[in-house]
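Here are some exercises to work through with the model open beside you. Try each task on your own, then check the solution step by step.

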Amino acid sequence: MTTSFERYQKRRLISSYFSVVISISLVLFLLGMLGLLVLNTKKVADHFKEQIALTVYLKDNAKEVEIEQLKKSLAMAEYTKSTTYVSKEDAAEAHSEEIGEDFMEFLGYNPLQNSIDVYMNADFVSSEQVDQIAEDLTSKNFVDEVVYDKPLIALLNDNVKKISFWVLIASSVFTFIAVLLINSSIRLAVYSKRFIIKTMQMVGATKGFIRRPFIWQSVKLGLIGAILALIGMAAVLYYLNNSFTELNLLGDVKMLVILFSGIFLMGIVITWISTYFATSRFLNLKTDELYY
């Protein structure tokens with residue numbers, strides 16, 4: 001009978017520990033993924049910003065030396081990520097493929113112009129800065145016009161600000177919820193041993209002595225949960241990096257180390273604090289209050 005009861009109690013204990021570890025690992029995993037989203041929001045936004053091209057159309061009478069000088073100056077400019085020179089012949093061929101017929105046969109000449117597509121660094125993709133760059137380029141006498149999608153730039157910057165704001169709000173709320181969930185799991189685990197706590201207290205054990213094994217056990221569970229969460233995060237990050245190589249999610253090693261270290265420490269700190277307050281609560285209860 002006693003052996004059977006001990007096995008039952010052992011199974012309950014293992015089940016309790018398992019549920020705590022799973023709760024901690026899931027919460028930390030979700031929190032870590034949200035952290036990855038926060039860290040990469042700017043990177044994703046920058047990626048889309050750098051896909052917007054500013055097209056410089058050149059006059060037909062522009063000299064070869066002027067075009068070369070402009071290409072070199074654009075390539076060296078701090079706002080430039082990359083440039084692509086498109087001759088009027090290449091533009092005509094691309095346009096013919098797009099519409100499915102040779103429009104020059106109908107017109108008898110090539111109405112298109114030589115152009116340079118300028119892809120800018122994300123930090124310079126704002127309405128004010130692009131306007132200034134376009135104005136400077138247009139001032140050159142061999143430049144016919146500078147064309148870019150101004151409404152798209154304004155919309156993109158506006159949406160980035162909104163998304164960043166709501167991601168930060170969601171991060172704060174989720175962090176608070178994560179702390180509550182882990183705290184609840186720890187309190188339930190401690191609650192199942194409330195009579196043991198009170199018995200130890202009644203035979204003269206100090207509060208520090210009673211807390212110590214509970215805190216150490218919870219910290220170990222927190223460590224296991226954090227490690228499982230980090231393994232899950234690493235697997236998802238590896239998959240996303242292979243699927244979206246252009247985002248280079250593994251590029252900022254320092255930030256990733258800080259994030260992973262933060263999640264690991266959070267698993268320890270939250271379980272330590274939660275166990276401390278949970279045991280304190282039952283240590284301060286009267287014996288008859290343990291049944292409620």
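**Exercise 1. Find the aromatic pairs in this predicted model, and say how the rings of each are arranged.**

Step 1. You should end up with two aromatic pairs.

Step 2. Start with Tyr79 and Phe124, whose ring centres are 6.4 Å apart. The planes of these two rings meet at 65 degrees, and over 60 counts as edge-to-face, so that's the label for this pair.

Step 3. Now place the two residues. Tyr79 sits in the loop between α2 and β2, while Phe124 sits in the loop between β3 and α5, so the pair ties together parts that are 45 residues apart in sequence. Both Tyr79 and Phe124 are buried.

Step 4. Go on to Trp272 and Tyr276, with 5.6 Å from centre to centre and 10 degrees between the planes. Planes under 30 degrees apart count as stacked, so Trp272 and Tyr276 make a stacked pair.

Step 5. Trp272 and Tyr276 both belong to helix α9 (residues 253-283), where they are four residues apart, or about one turn of the helix. An α-helix has 3.6 residues a turn, so residues three or four places apart point the same way.

Step 6. Check the accessibility too. Trp272 has a relative accessible area of 41%, which makes it partly exposed. Tyr276 is partly exposed as well, at 31%.

**Exercise 2. Find the ring that the charged end of Lys71 sits over.**

Step 1. Follow the Lys71 side chain to its charged end, and you'll arrive over the ring of Tyr85.

Step 2. The distance from that charged end to the centre of the Tyr85 ring is 4.6 Å.

**Exercise 3. Work out the order of the strands in the sheet, and say how they pair.**

Step 1. Begin with the whole chain: there are nine helices and four strands. Reading from the N terminus, the elements go α-β-α-β-α-α-β-α-β-α-α-α-α.

Step 2. Four strands form an open sheet, and its order is β2-β3-β1-β4, with antiparallel pairing. The edges are β2 (80-86) and β4 (143-147), each of which pairs on one side only. On average, neighbouring strands of this sheet are turned by 20 degrees against each other, direction ignored.

Step 3. Look at β1 (residues 53-58) and its link to β4: the two run antiparallel and are joined by four bridges. Tyr57 has Glu145 in β4 as its bridge partner, and Thr55 stands opposite Val147 in β4.

Step 4. Then check β1 against β3, which pair in the antiparallel sense over five bridges. Here Ala53 has Tyr119 in β3 as its bridge partner.

**Exercise 4. Which strands do helices α2 and α5 lie against?**

Step 1. Helix α2 (residues 64-76) packs on the sheet and touches β1, β2, β3 (115-120) and β4. The direction of α2 makes about 155 degrees with that of β2.

Step 2. Helix α5 (residues 127-138) lies across β1, β3 and β4, and runs at about 170 degrees to β4.

Step 3. Pick out Glu128, which is in helix α5. Is Glu128 buried or exposed? Its relative accessibility is 59%, and over 50% counts as exposed, so Glu128 is exposed.

Step 4. Measure out from Glu128 to Lys150, C-alpha to C-alpha: they are 22 residues apart in sequence and 10.0 Å apart in space.

**Exercise 5. Which residues of helix α7 are buried, and where do they lie around the axis?**

Step 1. In α7 (residues 194-202), the buried residues are Arg194, Ile197 and Lys198.

Step 2. Those residues cover an arc of only 95 degrees around the axis, so they are on the same side of α7.

Step 3. Just past the helix, α7 is followed by Gly204, which has a positive phi, near 105 degrees.

**Exercise 6. Find out which residues Asn248 is in contact with, leaving aside its neighbours within four places in sequence.**

Step 1. Asn248 is in the loop between α8 (207-243) and α9. Asn248 is partly exposed, with a relative accessible area of 42%.

Step 2. With those neighbours left aside, its contacts are Lys43 and Asn241.

Step 3. Lys43 is 205 residues from Asn248 along the chain, yet their C-alpha atoms are separated by 8.8 Å.

Technical notes: Residues numbered from 1 in each chain as written. Predicted model: local features only at pLDDT ≥ 70, side-chain atom pairs only at ≥ 80, totals over all residues. Heavy atoms only, no water. Buried < 20%, exposed > 50% of the residue type's maximum accessible area, 1.4 Å probe, protein only. Arc of directions from axis to C-beta. Pairing = 2+ DSSP bridges. Axes fitted to C-alpha atoms, helices over the stretch in contact; angles between N-to-C directions. Contact = heavy atoms within 4.5 Å. Phe/Tyr/Trp six-rings, centres within 6.5 Å; stacked < 30°, edge-to-face > 60°. Lys NZ or Arg CZ within 6 Å of the ring centre and 35° of its normal.
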